[in-house]
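Grab a coffee and have a go at a few exercises on helix packing. Try each task yourself before reading the solution.

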Amino acid sequence: MKKKDIVFGVIWLLLGLVLTVLSCLETLDEFWSGMGSALMAVGIVRLLRSYRLSRSETYREKREVAETDERFHFIRNKAWAWAGYLFIIICALSTIVFKLLNQDLLCMASGGAVCLMLVLFWVSFFILKKKY
């Protein structure tokens, strides 16, 4: 697991560096500069976490508990559920606001996001209902 984290950390870091450099050379537009910076940050965080896991026994134990403990799984699932609920509410409200502001493209995008989330929810619900 540690070796895989190091490899992926280096890959993300290098990919981010390439995107950022190409954007600075104006080969790519500025969107890719932001994406490159984000990928470099992900790579650095993964490498730092791997380093810390290899050096600190208490941190390693704490991470193992966080990954295997049922309470943390329950809290993580609840957090995903809340995030989903809030996303639906925010997108639904923004659909109305964008329509009132005559921003039809943004209205359609936020309304489409609500529809996509509801379709994903129902598909997931029926799959999980059959499985459990």
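Here are four exercises on this predicted model, each with a worked solution.

**Exercise 1. Work out how H1 and H2 are oriented relative to each other.**

Solution. Start with the general recipe: a packed pair of helices is described by the angle between the axes and the distance between them. Here H1 covers residues 2–24 and H2 covers residues 30–55. Their axes come within 7 Å and cross at roughly 155°. Angles over 145 degrees count as roughly antiparallel, so that is the label for H1 and H2. For the handedness, H1 passes H2 in a left-handed crossing. Finally, look at who takes part: the residues of this H1–H2 contact split into 15 nonpolar, 10 polar and four charged.

**Exercise 2. Decide whether serine 23 is buried or exposed, and find what it touches.**

Solution. First place the residue: serine 23 sits in helix H1. Next, check its relative accessibility, which is 10%. Buried means under 20%, so serine 23 counts as buried. Now for the neighbours: leaving out residues up to four places away in sequence, serine 23 touches Leu28, Asp29, Glu30, Trp32 and Ser33. As a last step, take glycine 34, which is 11 residues from serine 23 in sequence. C-alpha to C-alpha, serine 23 and glycine 34 are 9.0 Å apart in space.

**Exercise 3. Check whether the end-to-end length of H5 agrees with its residue count.**

Solution. H5 runs over residues 104–131, which gives 28 residues. The expected span is 1.5 Å times one less than the number of residues, so H5 should span 40 Å. Now compare with the model: the end C-alpha atoms of H5 are 40 Å apart, which agrees.

**Exercise 4. Describe how H4 packs on H5, and say which residues of H5 are buried.**

Solution. Begin with the geometry: the H4 and H5 axes are 8 Å apart, at an angle of about 150°. That makes the two helices roughly antiparallel, because the cut-off is over 145 degrees. H4 passes H5 in a left-handed crossing. On the H4 side, the contact residues include Phe87, Ile88, Cys91 and Phe98. On the H5 side, they include Cys107, Ser110, Ala113, Val114 and Met117. By type, the residues of the H4–H5 contact come to 11 nonpolar, five polar and two charged.

Then turn to burial: Cys107, Ser110, Ala113 and Val114 of H5 are buried. Part of the cover over the buried residues of H5 comes from helix H4 (70–100). To read the spacing, recall that an α-helix has 3.6 residues a turn, so residues three or four places apart point the same way.

How values were computed:
Residues are numbered from 1 along each chain as its sequence is written. This is a predicted model: local features need pLDDT of at least 70, side-chain atom pairs count only at pLDDT 80 or more; totals for chains, interfaces and linings use all residues. Side-chain values use heavy atoms; hydrogens and water are left out. Axes are lines fitted to C-alpha atoms, for helices over the stretch in contact, and angles run from 0 to 180 degrees between N-to-C directions. Helices (H or I, at least four residues) and strands (E, at least two) are DSSP runs, numbered from the N terminus. Angles under 35 degrees count as roughly parallel, over 145 as roughly antiparallel, 65 to 115 as roughly perpendicular and the rest as oblique. A crossing is left-handed if the near helix is turned anticlockwise from the far one by less than a right angle, and right-handed if clockwise. Ala, Val, Leu, Ile, Met, Phe, Trp, Tyr, Cys and Pro count as nonpolar, Asp, Glu, Lys and Arg as charged, and the others, Gly among them, as polar. Buried means under 20% relative accessible area, exposed over 50%, partly exposed in between (1.4 Å probe, protein chains only). Contact means heavy atoms within 4.5 Å.
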